[in-house]
Amino acid sequence: MYQVGHFSNLEKIRSRYVERKFRLRDLQVTRDMEAVAYHDFCLSESGTDVPIHGLTLAQYQHVSRTHEPQSSALYNSVESSESLSYTMKKPRAWSSGEESLSKLTELRKRLEHIVDFQANGFKPNSRGDVVQDSPATLEELLVKLPAEIGFHIEMKYPRLHQAAEAGVAPVAININDFIDVALTTVRKFGGKRQIVLSSFTPEVCILLSVKQSAYPVMFITNAGKVPMQDQELRAASLQTAVHLARLWNLSGIVFACETFLHCPRLVQFVKNTGLICAPYGLLNNDPANAIAQAAAGIDILMADRVKLIAESSINTL
């Protein structure tokens with residue numbers, strides 16, 4: 001999970017959205033039109049590469065419950081007066097013990113035949129390999145998390161090369177319906193929370209800009225990322241990404257950090273067009289890279305190691 005940290009003071013609407021830390025939540029829509037927060041295009045915890053848009057909300061939540069600590073599941077299922085006395089206790093984590101090891105072994109065995117596991121030997125964002133909570137709906141996150149926590153919501157709408165990489169058919173929910181479900185959920189439960197919307201899919205960014213004006217929209221591009229797997233010009237060219245953002249009144253662009261590390265002057269090229277400039281990528285977890293980009297003038301930095309990067313930048317800049 002990425003977080004977005006602030007580096008520079010921007011005027012008016014810019015400062016409103018980039019002077020805070022945001023949690024990145026990946027939004028997708030189920031077959032029965034419910035917005036859920038899940039990173040990968042497939043819910044592989046089920047043991048198959050089934051896309052999120054091929055599941056109902058009930059099926060998604062069933063898989064989510066299998067990822068909860070067993071003690072938590074027992075508390076929810078047992079209705080005796082004795083069990084009720086335990087509901088106030090904090091559920092146990094999957095951190096130790098034979099029971100925990102058995103559940104992790106069972107989970108990994110279930111993942112053996114999915115695309116990610118066969119390619120990498122593990123599945124990203126899964127329990128036992130990374131810090132990961134149970135899958136949740138967008139409504140649950142917006143309602144349960146403190147309102148002072150901002151959200152950077154990335155709309156995960158699969159494009160052709162992404163569908164091929166994920167091992168799923170190149171089909172998806174109608175894009176207008178997808179956007180309408182997402183925006184309805186955000187408007188209904190977002191309240192006064194600071195929210196930024198974004199997507200790798202150009203059409204999603206265009207529709208987000210056309211259908212609402214309450215939240216800033218940022219286009220995420222693969223421009224400058226090696227190897228170049230994205231062959232579409234709008235998503236693989238820095239100049240075209242800037243043109244797209246300006247044409248459709250987007251607030252900014254999120255680039256692969258390699259772009260700015262190789263050529264820091266490109267930061268000012270983007271900012272001179274009036275757009276917010278932000279990098280993403282694993283190299284952002286290196287304090288030296290974060291400091292170099294901050295010195296070049298980036299507005300936002302996306303990183304996993306937020307505390308380390310924030311402290312390094314504060315002490316240096």
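Here are a few short exercises on this predicted model, each with a worked solution.

**Exercise 1.** Which parts of the chain does the salt bridge between Asp 299 and Lys 271 link?

*Solution.* Start with the pairing: the side chains of Asp 299 and Lys 271 meet in a salt bridge, 3.1 Å from N to O. Next, place the partners: Asp 299 sits in the loop between α15 (287-296) and β10 (300-303), while Lys 271 belongs to helix α14 (residues 266-271). They're 28 residues apart, so the pair links distant parts of the chain. Finally, look at the cover: Asp 299 has a relative accessible area of 0%, so it counts as buried.

**Exercise 2.** Take Lys 307 and Glu 311, and work out whether each is buried, partly exposed or exposed.

*Solution.* First, find them: both are in helix α16 (residues 306-316), four residues apart, or about one turn of the helix. Their side chains form a salt bridge too, at 2.7 Å from N to O. Now use the cut-offs: buried is under 20% relative accessible area, and exposed is over 50%. Lys 307 comes in at 59%, so it's exposed. Glu 311 has 39%, so it's partly exposed.

**Exercise 3.** Find out where Thr 259 lies and what it is in contact with.

*Solution.* Begin with the helix: Thr 259 is part of α13 (residues 257-262). Then check its accessibility: at 9%, Thr 259 is buried, because that's under 20%. Last, skip its neighbours within four places in sequence, and you'll find Thr 259 in contact with Ala 223, Gly 224, Leu 238 and Leu 266.

Note on methods: Residues are numbered from 1 along each chain as its sequence is written. This is a predicted model: local features need pLDDT of at least 70, side-chain atom pairs count only at pLDDT 80 or more; totals for chains, interfaces and linings use all residues. Side-chain values use heavy atoms; hydrogens and water are left out. Helices (H or I, at least four residues) and strands (E, at least two) are DSSP runs, numbered from the N terminus. Buried means under 20% relative accessible area, exposed over 50%, partly exposed in between (1.4 Å probe, protein chains only). Contact means heavy atoms within 4.5 Å. A salt bridge is a side-chain nitrogen of Lys or Arg within 4 Å of a carboxyl oxygen of Asp or Glu.
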